[in-house]
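Hi there,

Here is the structure I promised to pass on. Have a look at it first, then read my notes below with the picture open beside you.

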Amino acid sequence: MSLAPRKALVLFDIDGTLLRRAGPHHREALATAVKKVTGIATTTDGIAVAGMLDRDILTAILAREGASAALIRLKMPEIVEYAQHSYVRTCPDLRRKVCPAARLLLYKLWRRGIPAGLVTGNLTRIGWTKMERAGLRRYLRFGAFAEMARDRAGLVDIALRHARREGWIDGTSPVALIGDHPNDIRAAKANGVRSVAVGTGLIGGEELARHSPDILVPDMRTLSIEMLLG
């Protein structure tokens, strides 16, 4: 049974934050969708995908292959749909890919009645499939995903507005965003929420520190709810 809830919110990135080394299936699903919809054979090789939204990754690989901006706009909805369909079919069991103490932190938030949600560059069904296959879905109330906004700051704004509508937070409630990339830090700062950087992704601690997160830790084992929410 959950303890008495507090008006607060904790948001999580997925790749490099909740999960790491989850395999090539996500990137392959994007490339498969591009080939299926446009006939263009490509890969994500050479694209710095860390911290990017899936639609931006798709745009980058299409542009690299010479696709016009008009073609990319026209085909993007179909590519996005097929990429999600492809990933749902190929995603493996991810329970052993959960980052250190991530499951425990989500459990503690759930026990305290503090809402947790996703802010991720993954497309919706890709993100939720990862959470289901990792055994984390039960702890997450909602998500803001790649196709919902133009950038990560916009996704945080969507998450905050959703939480306010649900009555989970008000104007004085503490909110934290946990991520592994400078884009997560920037998105948190743009929305006036606490930025928590974890060194479980591809970006080193020194680089993360240069972006001045409110909290910087090697992984979630050193995080407490009190640190997150003050």
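**What turned up**

Let's begin at W168, which sits in the loop between helix 6 and strand 4. One thing to keep in mind as you read: this is a predicted model.

Is W168 buried or exposed? Its relative accessibility is 10% or more but still low, at 15%, so W168 counts as buried. Leaving out residues up to four places away in sequence, W168 touches K7, A8, P115, R141, F142, H162 and A163. You can also look for G113: its C-alpha lies 9.9 Å from that of W168, though the two are 55 residues apart in sequence.

**The whole chain**

Now zoom out. The protein chain is built with nine helices and six strands. Its radius of gyration is 17 Å, close to the 17 Å that the globule rule gives for 230 residues, so the chain is as compact as a globular protein of that length. Along the principal axes, the C-alpha trace spans about 55 × 35 × 35 Å.

How much of the chain counts as buried? The figure is 50% of the 230 residues. As for the outside, about 10600 Å² is exposed, and carbon and sulfur atoms supply 51% of that area.

Take the contacts with a separation of 6 or more: 69% of them in this chain are between residues 24 or more positions apart. On the charge side, there are 35 positive and 23 negative side chains, and the centres of the two sets lie 4 Å apart.

**The core**

The largest nonpolar core holds 76 residues, and F12, I178 and L223 touch the most other members. Which helix gives the most to this core? That would be helix 3, residues 69–90, with six residues.

I178 is a good one to click on. Setting aside neighbours within four places in sequence, its contacts include V10, L11 and F12, as well as L105, V196 and V198. Towards the end of the chain numbering, I178 is also in contact with M220, L223 and L228.

Helix 7 (residues 182–190) is another place to look inwards. P182, D184, I185, A187 and A188 are buried there. What do the buried residues of helix 7 pack against? Their partners are helix 6 (152–166), strand 4 (175–179), strand 5 (194–198) and helix 8. Just after helix 7 comes G192, with a positive phi of about 70 degrees.

**Two positive phi values**

Here is some background for the next part. Most residues other than glycine have a negative phi.

R21 has a positive one, near 50 degrees. You'll find R21 in the loop between strand 1 (9–12) and helix 1 (25–38). With a relative accessibility of 64%, and the cut-off for exposed being over 50%, R21 counts as exposed.

S212 also has a positive phi, near 55 degrees. Its loop runs between helix 8 (205–209) and strand 6 (215–217). S212 has a relative accessible area of 45%, so it is partly exposed.

**Two alanines and an aspartate**

Next, try A29 and A41. A29 lies in helix 1, while A41 lies in the loop between helix 1 and helix 2 (54–64).

Which of these is buried, and which is exposed? A29 is buried, at a relative accessible area of 1%, whereas A41 is exposed, at 57%.

What does each one touch, leaving aside residues up to four places away in sequence? A29 is in contact with A83, S86 and Y87, and A41 touches K35 and E65.

You can check some distances as well. The C-alpha atoms of A29 and V88 are separated by 9.1 Å, with their positions 59 residues apart along the chain. For A41 and M148, which are 107 residues apart along the chain, the C-alpha separation is 26 Å.

Last stop: D219, in the loop between strand 6 and helix 9 (225–229). Is D219 buried or exposed? Its relative accessibility is 10%, so D219 counts as buried. Beyond its neighbours within four places in sequence, D219 is in contact with P100, V198 and T200. V198 may ring a bell, since I178 is in contact with V198 too.

Have fun clicking around!

Conventions. Residues numbered from 1 in each chain as written. Predicted model: local features only at pLDDT ≥ 70, side-chain atom pairs only at ≥ 80, totals over all residues. Heavy atoms only, no water. Helix = DSSP H or I, 4+ residues; strand = E, 2+ residues; numbered from the N terminus. Rg over C-alpha atoms; globule rule 2.2 N^0.38 Å. Buried < 20%, exposed > 50% of the residue type's maximum accessible area, 1.4 Å probe, protein only. Contact = heavy atoms within 4.5 Å. Areas by Shrake-Rupley, 256 points an atom, 1.4 Å probe, with all protein chains shown as cover. Lys, Arg positive; Asp, Glu negative; His and termini not counted. Charge placed at Lys NZ, Arg CZ, Asp CG, Glu CD. Core = buried A, V, L, I, M, F, W, Y, C linked by side-chain atoms within 4.5 Å.
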